[in-house]
Amino acid sequence: PLEFRAHMQEHLAILEIFDRNADETTGIPKYSYGDNPQKGAAGTASGLSMLMAQANTHLKDLVANWDEGVTKPFIGALYRWNMQFSRDDSIKGDFEVKATGVSSLMAKEVKAQALAQFGATLQPEERAYIKWAQLAEEKAKTLDLGELIKSQEEVEQEMQSPAAQMAQQMQQMAQQLAMAEQEAKVAKLKAEANKIEAERLNRMVEGIYAAMQAAGVAAQSPAVAAGGDAILQSVGYTDATPNDPVTGNAAAAPVQGGPAPASMADPNAGQRAGIETAQIEVTQ
């Protein structure tokens with residue numbers, strides 16, 4: 001019988017070696033064209049972003065080498081042939097062939113970053129002056145996605161469609177509903193504030209009325225006032241303006257750090273004697 005030896009393991013080992021060396025040979029890592037590694041720096045979003053930035057730098061070098069080694073010599077040869085052998089004299093002239101592959105890539109990248117920064121730093125008062133359709137179109141062009149932008153005719157047709165008009169009406173109704181809810185909330189807050197103010201005024205009026213009632217009772221029965229003062233003092237209350245026990249008037253508190261206030265003049269003594277009405281002493 002014939003026996004065939006399997007060399008799959010050796011072949012797989014050789015393929016793995018070529019696979020590992022492919023990135024170093026070509027300078028184009030796998031993750032730059034869609035491979036999704038699960039380990040290493042490329043396994044995270046921030047790590048993959050940094051690796052892509054470094055890969056783009058090397059890709060620019062590759063594009064520059066292609067421009068200088070292939071594009072420029074080939075196009076230059078075609079140009080020189082046409083300058084010498086073409087029968088159309090209108091195309092002839094003194095020109096120089098320049099390959100702009102790298103410069104166009106760098107210009108697109110710089111423009112994309114500038115557009116992103118411009119849109120992110122717009123102030124609210126500046127948004128009214130921006131042509132949003134043109135801004136979206138320029139962003140798409142820098143990413144080579146210009147085919148995703150609708151034309152003005154397509155936008156107008158969609159806006160005039162029944163579905164778009166219905167959506168616009170629904171949006172307006174939603175805005176009106178939201179505005180009505182906000183107005184209702186404001187009215188409720190105002191009503192609650194008015195209720196709180198009315199309760200405060202009611203309590204103040206009740207306090208004034210109670211004070212007037214207490215003053216009337218104290219005027220009719222001075223002993224009641226003395227008893228009330230004694231009760232209040234027993235629970236720690238201190239009168240802010242204590243009365244003079246002789247005159248019954250509120251005694252002025254001395255200013256801290258200054259001289260004591262002068263005592264009131266006797267209306268029945270000195271030059272004023274007889275001018276003022278003599279004090280009437282009430283005996284109980």
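This passage describes the helices, salt bridges, contacts and surface of a predicted protein model.

The secondary structure of the protein consists of 7 helices and 0 strands. Read from the N terminus, the order of elements is α-α-α-α-α-α-α. Of the 284 residues in the protein, 6% are buried. The accessible surface amounts to about 24,400 Å², and carbon and sulfur atoms contribute 60% of that surface. Among contacts with a separation of 6 or more, 31% are between residues 24 or more positions apart.

Two packed helices are described by the angle between their axes and the distance between the axes. For helix α5 (residues 152-160) and helix α6, the axes come within 4 Å and cross at roughly 65°. Angles of 65 to 115 degrees count as roughly perpendicular, and α5 and α6 are therefore described as roughly perpendicular to each other. The residues that meet are Glu158, Met159 and Gln160 on the α5 side, and Pro162, Ala164 and Gln165 on the α6 side.

A link between parts of the chain that are distant in sequence is found at glycine 101, which lies in helix α3. Glycine 101 and alanine 64 are 37 residues apart in sequence, while their C-alpha atoms are 7.0 Å apart in space. When residues up to four places away in sequence are not counted, glycine 101 touches Val63 and Asp67.

The structure holds 4 salt bridges, three of which are described here. One of them joins lysine 111 to glutamate 138, with 2.8 Å between the closest N and O atoms. This pair links distant parts of the chain, since lysine 111 belongs to helix α3 (residues 101-120) and glutamate 138 to helix α4 (residues 132-142), 27 residues apart. Lysine 111 has a relative accessible area of 39% and is partly exposed. Glutamate 138, at 27% relative accessibility, also counts as partly exposed. These assignments follow because partly exposed residues lie between the limits of 20% for buried and 50% for exposed.

A salt bridge within helix α4 is formed by the side chains of glutamate 137 and lysine 141, at 3.5 Å from N to O. These two residues are separated by about one helical turn, because they are 4 residues apart in α4. Glutamate 137 counts as partly exposed at 32% relative accessibility, and lysine 141 counts as partly exposed at 44%.

In helix α6, arginine 200 forms a salt bridge with glutamate 197. The closest N and O atoms of this pair are 2.6 Å apart. The two residues are 3 residues apart in the helix, which is about one turn. Arginine 200 is partly exposed, with 38% relative accessibility, and glutamate 197 is partly exposed, with 36%.

Helix α6 (residues 162-220) also contains leucine 201. Together with Met204, Ile208 and Met212, Leu201 forms a nonpolar patch on the surface. The accessible area of these residues is about 390 Å² together. Leucine 201 itself is partly exposed, with a relative accessible area of 36%. Leucine 201 passes the accessibility limit for a patch because that limit is over 30% relative accessible area.

Key. Residues are numbered from 1 along each chain as its sequence is written. This is a predicted model: local features need pLDDT of at least 70, side-chain atom pairs count only at pLDDT 80 or more; totals for chains, interfaces and linings use all residues. Side-chain values use heavy atoms; hydrogens and water are left out. Patches are made of residues with over 30% relative accessible area and no salt bridge: like charges are joined within 9 Å, nonpolar side chains (Val, Leu, Ile, Met, Phe, Trp, Tyr) within 5 Å. Accessible areas come from the Shrake-Rupley method with a 1.4 Å probe; for residues, only the protein chains shown count as cover. Buried means under 20% relative accessible area, exposed over 50%, partly exposed in between (1.4 Å probe, protein chains only). Contact means heavy atoms within 4.5 Å. Axes are lines fitted to C-alpha atoms, for helices over the stretch in contact, and angles run from 0 to 180 degrees between N-to-C directions. Angles under 35 degrees count as roughly parallel, over 145 as roughly antiparallel, 65 to 115 as roughly perpendicular and the rest as oblique.
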